[in-house]
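Colleague: I should like to learn how to read packing and pairing features from a structure. May we work through an example together?

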Amino acid sequence: MRYEGEEKKIPLSPIAIMRLILLFFIPIISYGLALVPAIFYAYSLLKYLDITNLLHLVAFSILLVFGYLILSFSSIFSSAFFINTLSLKYNEGIYGKSLEDKTAFKFALYFALYYPTYKLLNIFVLPPLKSFFLSLIGCKIGKNVFLAGEEWISDPCVIEIGDNTMIGGRALITGHLAEDKLIIKKIKIGKNCLIGGDSFIMPGVTIEDNVVVGAKSLITKNKRLEKGKIYAGVPAKEL
């Protein structure tokens with residue numbers, strides 16, 4: 001019996017302990033491998049440049065930008081390799097929140113591999129590169145999708161974004177909720193849509209083609225926004 005005020009103990013089974021270790025080491029290996037090309041590139045530059053020389057220093061600064069691109073590409077391929085090789089993409093459903101649940105473990109490891117790379121790609125606004133990465137890890141993303149910057153697409157493997165859609169800066173699109181259980185639902189955003197900056201789209205939402213969502217709007221879970229209409233507010237309503 002557990003008395004009021006007593007902390008609830010969460011036992012760790014051997015499989016949960018093993019998964020906790022993997023959750024720690026696999027991202028370290030992935031990002032360690034991603035750093036190799038960038039470090040080799042920087043080392044090669046330093047061998048031929050004299051940073052006490054002003055012209056060399058300027059050249060080195062410019063070449064460091066190419067180093068960022070090398071790191072970005074190596075992080076993309078390293079993260080995508082582990083996500084796909086380990087079959088970490090998950091489907092919609094209701095799952096447990098502990099590491100003893102296989103999907104909860106896949107969800108946590110997917111996030112640990114995906115999040116740092118996506119944040120790295122947001123240092124410079126490179127929408128085609130972000131779209132490419134999202135497609136590699138399971139997002140159904142169309143042509144000419146514009147990701148404005150600092151947006152957060154939380155669960156790419158259960159999200160679909162149609163052609164010519166724009167996602168505004170700092171918009172949040174999440175396919176999961178952590179309540180009593182881990183709830184994962186698909187999100188579908190149609191073609192030619194505009195999702196305003198700072199908007200929040202929750203799990204289970206369907207946005208049909210040619211919809212405009214106003215800035216700072218909240219689209220509550222399981223809501224359907226009808227084709228060609230404009231929505232705004234908290235929660236969002238048709239205007």
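Colleague: How many salt bridges does a search of the whole structure find?

Modeller: Please note that this is a predicted model. As a general idea, side chains of opposite charge can pair when their charged atoms come close. Here the search of the whole structure yields seven salt bridges. One of them joins the side chains of Lys130 and Glu151, at 2.9 Å from N to O. Lys130 belongs to helix α4, whereas Glu151 sits in the loop between β3 (146-147) and β4, so this pair ties together parts 21 residues apart in sequence.

Colleague: At what angle do helices α3 and α4 pack, and how far apart are their axes?

Modeller: Two packed helices are described by the angle between their axes and the distance between the axes. For α3 (residues 102-121) and α4 (residues 127-136), the angle is about 165° and the axes are 10 Å apart. An angle over 145 degrees counts as roughly antiparallel, and α3 is therefore roughly antiparallel to α4. The crossing of the two helices is right-handed.

Colleague: Which residues make the contact?

Modeller: Helix α3 contributes Tyr114, Thr117, Tyr118 and Leu121, and helix α4 contributes Leu129, Lys130, Phe133 and Leu134. By class, this contact comprises six nonpolar residues, one polar and one charged.

Colleague: In what order do the four strands form the open sheet?

Modeller: Strands of a sheet pair through backbone hydrogen bonds, either parallel or antiparallel. In this open sheet the order is β4-β7-β12-β15, with parallel pairing. Strands β4 (152-153) and β15 (218-219) stand at the edges with a single partner strand each, so one side of each is left without a neighbour in the sheet. Strands β7 (residues 172-173) and β12 (residues 200-201) pair over two bridges, and Ile173 has Ile201 in β12 as its bridge partner.

Note on methods
Residues numbered from 1 in each chain as written. Predicted model: local features only at pLDDT ≥ 70, side-chain atom pairs only at ≥ 80, totals over all residues. Heavy atoms only, no water. Pairing = 2+ DSSP bridges. Axes fitted to C-alpha atoms, helices over the stretch in contact; angles between N-to-C directions. Parallel < 35°, antiparallel > 145°, perpendicular 65-115°, else oblique. Left-handed = near helix turned anticlockwise from the far one by under 90°. Contact = heavy atoms within 4.5 Å. Nonpolar A, V, L, I, M, F, W, Y, C, P; charged D, E, K, R; others polar. Salt bridge = Lys/Arg side-chain N within 4 Å of Asp/Glu carboxyl O.
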